[in-house]
Amino acid sequence: LFESSIGILWIGTVEGLNAFDPQREIFTRYVNDPGVPGSLPNNRVSDIVEGADGHIWVATSGGLARLDPATSQFTPFRHDDHNPDSLTHNEISDLCINENGILWVATYGGGLDRLDPGANEFIHYRHEPNDSGSLGSNLLDSVSCDSAGSIWVGTWGAGLNRLDDPNGDFYHYPT
């Protein structure tokens, strides 16, 4: 569940995305339709956040999507083997947007991705076995942006990780 800045309640399910407008008491449903460009990329929704520009970001099992509420059109962001700047993995676990408007994307299999405002390419943070300052695992469950600017990452099997500087190392809190 996510409430937008204009009071719309967004509900992510395994069968799509729903928006409830409490003032008009109307539900709008968004689902994946492979034959329709601009539809939700996958019906399994795991998280929803809002950018400073009012766009709604949706994490799915088929990639990331940016919804323009004015047009009801989704712009998909997916992994592309031929584009190293694309999303690292299509299975998205969680999202957060920090105070600078940077979108952080936790993937289940591709590590952590960062998308700066206005950019169309991702910066990747991955587990590197020979680098103790890298992300502890590429199997991520959650990501959270705190008010001090740190990025907190929950992993499967490698504990909690914290990134204080996007150009720095991860600090590990093993389980």
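Let's start at the beginning of the chain, where β1 and strand β2 (residues 9-13) pair in the antiparallel sense over two bridges. Two strands count as a pair here if DSSP finds at least two bridges between them. The strands themselves are DSSP runs of E, at least two residues long, while helices would be runs of H or I of at least four residues, and each kind is numbered from the N terminus. In this first pairing, Glu3 has Leu9 of β2 as its bridge partner.

Before we go on, a word about what you are looking at. This is a predicted model, in which local features need pLDDT of at least 70 and side-chain atom pairs count only at pLDDT 80 or more, while totals for chains, interfaces and linings use all residues. Residues are numbered from 1 along each chain as its sequence is written, and side-chain values use heavy atoms, with hydrogens and water left out.

Back to the sheet. What is the order of its strands? They run β1-β2-β3-β4, an open sheet of four strands with antiparallel pairing. β1 (2-3) and β4 (26-30) are the edge strands, each with a single partner, so one side of each has no neighbour in the sheet. As general background, strands of a sheet pair through backbone hydrogen bonds, either parallel or antiparallel.

Now follow me to the other end of that order. Strand β3 (residues 16-21) is joined to β4 by five bridges, and the two run antiparallel. Asp21 stands opposite Ile26 in β4. Between the strands of this hairpin there are four residues, and Glu25 there takes a positive phi near 55°. Glu25 has that positive phi although it is not a glycine. Is Glu25 buried or exposed? It counts as exposed, at 64% relative accessibility. For these words, buried means under 20% relative accessible area, exposed means over 50%, and partly exposed is in between, using a 1.4 Å probe and protein chains only.

Ser72 also has a positive phi, of about 60°, without being a glycine. You will find Ser72 in the loop between β7 (63-68) and β8 (73-77), and it is partly exposed at 33%.

Let's stay with Asp21 for a moment, and turn to charges. How many salt bridges does the structure hold? There are three, where a salt bridge is a side-chain nitrogen of Lys or Arg within 4 Å of a carboxyl oxygen of Asp or Glu. In general, side chains of opposite charge can pair when their charged atoms come close.

One of the three joins Arg24 to Asp21, with the closest N and O atoms 3.1 Å apart. Arg24 is exposed, with a relative accessible area of 56%, whereas Asp21 is buried at 16%. Another links Arg114 and Asp116, where the closest N and O atoms are 3.0 Å apart. Here Arg114 is buried at 11%, and Asp116 is partly exposed at 24%. Then there is Arg162 with Asp164, at 2.9 Å between the closest N and O atoms. Arg162 counts as buried at 19%, while Asp164 is partly exposed at 42%.

Next, please find His55, in the loop between β5 (45-50) and β6 (56-60). His55 is buried, with a relative accessible area of 18%. Which side chain makes a polar contact with the side chain of His55? That is Asp53, at 2.8 Å. A polar contact is a pair of N or O atoms within 3.5 Å; within protein, one must be able to donate a hydrogen and the other to accept it, and residues adjacent in sequence count only if both atoms are side-chain atoms. Leaving aside neighbours within four places in sequence, His55 is in contact (heavy atoms within 4.5 Å) with Val49, Glu50, Arg66, Leu67, Asp68 and Pro69.

Val36 is in the loop between β4 and β5, and it is partly exposed at 41%. Its C-alpha atom is separated by 22 Å from that of Ile92, 56 residues apart along the chain.

One last stop is Tyr108, in the loop between β10 (103-107) and β11 (112-115). Tyr108 is partly exposed, at 36%.

Thanks for listening, and do turn the model around for yourselves!
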